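The exercises below are meant to be worked through with the sequence and the model side by side. Try each task before reading its solution.

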Amino acid sequence: MGKQRLFQDIAEKISDFISDGVFPPGSRLPGERDLAERFGVSRVTIREAAIALQAVGKVDIRTGSGIYVSDDQPVAQNALPDVSAFELTEARSLIEAEAAALAAKSISDEDLAKLDRLIEEMASSDREVALAADREFHAVIARASSNTAMVYTIEALWRMREELPAVKSSYDAVCCDDGQLRSKEHQDILEALKARDPVLARRAMRQHFLRLISTMLDVSEKEAMREVQQRLRASRVRFLDGSVPA
């Protein structure tokens with residue numbers, strides 16, 4: 001077991017080097033002897049690690065030539081796709097609206113009471129507390145849909161919202177000053193769920209995200225205008241300021 005664990009550890013270390021660009025795609029890895037000395041293991045362990053990496057598509061072992069990093073690296077199982085904040089919000093509007101419609105049919109009184117408390121927490125001046133409450137609000141509704149696939153999908157969408165830097169930045173930019181609007185929207189969703197009305201629940205959740213997309217567009221437009229104005233000011237300074245009058 002120890003030997004097996006050792007070659008797996010070495011395989012993981014080499015894989016990390018590949019991911020970090022130390023060994024870029026298409027490059028030849030150092031020889032077995034060099035790798036053995038680098039990691040303080042035997043050449044047999046290096047060979048076993050290389051075989052393990054080849055099995056998952058990380059490297060290509062070429063007899064008589066050496067070990068080469070594969071040009072096409074496998075995508076990590078938990079890797080997130082490269083999506084924009086608009087794409088993510090569009091997906092959330094479609095999927096979470098249906099989750100709300102499903103939840104309206106079976107949500108418990110206990111869950112409804114929890115949603116009430118979470119709306120109060122979303123008003124907190126502590127942004128981390130407010131964000132956690134917002135996430136849990138949507139998670140409660142997802143779980144109340146009684147659809148495991150829906151729960152998994154919504155959790156993945158929240159990972160994108162929090163772990164993709166560009167998406168997180170976009171959300172942070174629009175969620176700073178819209179506290180009252182968000183509170184009303186979440187309250188509308190809750191009231192639709194309390195009424196056990198799938199149509200109203202779907203509509204309220206969708207409106208929440210459509211308003212978010214609209215706000216993102218407004219912010220993007222203002223940012224684009226600001227960049228244009230900055231470029232024009234720089235051009236004015238360069239080409240006009242200090243020029244000699246005719």
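**Exercise 1.** Find the residue with a positive phi in the hairpin of E1 and E2, and then describe how the two strands are paired.

*Solution.* Begin with the turn: the hairpin of E1 and E2 has 3 residues between its strands, and within this hairpin glycine 64 takes a positive phi near 80°. This value, like all the others here, is computed from a predicted model. Next, turn to the strands themselves, where E1 (residues 59–62) and E2 (residues 66–69) run antiparallel and are joined by 4 bridges. Finally, identify individual partners: arginine 62 has glycine 66 of E2 as its bridge partner, while isoleucine 61 stands opposite isoleucine 67 in E2.

**Exercise 2.** Place the hairpin in the whole chain by working out how many helices and strands the chain has, and decide whether the chain is more or less spread out than a compact globule.

*Solution.* Counting the elements gives 10 helices and 2 strands. Their order along the sequence is α-α-α-β-β-α-α-α-α-α-α-α. For the spread, compare two values: the radius of gyration is 27 Å, whereas the globule rule gives 18 Å for 246 residues, and because the former is well over the latter, the chain is more spread out than a compact globule. As for its extent, the C-alpha atoms fill a box of roughly 80 × 70 × 30 Å along the principal axes.

**Exercise 3.** Determine how helix H4 and helix H10 are oriented towards each other, and which classes of residue make up their contact.

*Solution.* Start from the geometry: the axes of H4 (residues 85–106) and H10 (residues 198–239) come within 7 Å and cross at roughly 165°. Angles over 145 degrees count as roughly antiparallel, and therefore H4 and H10 are roughly antiparallel to each other. The handedness of this crossing is right-handed. Sorting the residues of the contact of H4 with H10 by class then yields 15 nonpolar, 3 polar and 7 charged.

**Exercise 4.** Repeat the analysis for H8 and H10, and name the residues through which they touch.

*Solution.* Helix H8 (residues 165–174) packs against H10 at an angle of about 95°, and their axes are 10 Å apart. Since angles from 65 to 115 degrees count as roughly perpendicular, H8 is roughly perpendicular to H10. On the H8 side the contact is made by Tyr171, Ala173 and Val174, and on the H10 side by Leu212, Thr215, Met216 and Val219. Divided by class, the contact of H8 with H10 has 6 nonpolar residues, 1 polar residue and no charged residues.

Conventions:
Residues are numbered from 1 along each chain as its sequence is written. This is a predicted model: local features need pLDDT of at least 70, side-chain atom pairs count only at pLDDT 80 or more; totals for chains, interfaces and linings use all residues. Side-chain values use heavy atoms; hydrogens and water are left out. Axes are lines fitted to C-alpha atoms, for helices over the stretch in contact, and angles run from 0 to 180 degrees between N-to-C directions. Angles under 35 degrees count as roughly parallel, over 145 as roughly antiparallel, 65 to 115 as roughly perpendicular and the rest as oblique. A crossing is left-handed if the near helix is turned anticlockwise from the far one by less than a right angle, and right-handed if clockwise. Ala, Val, Leu, Ile, Met, Phe, Trp, Tyr, Cys and Pro count as nonpolar, Asp, Glu, Lys and Arg as charged, and the others, Gly among them, as polar. Contact means heavy atoms within 4.5 Å. Two strands pair if DSSP finds at least two bridges between them. The radius of gyration is taken over C-alpha atoms; the globule rule is 2.2 Å times the number of residues to the power 0.38.
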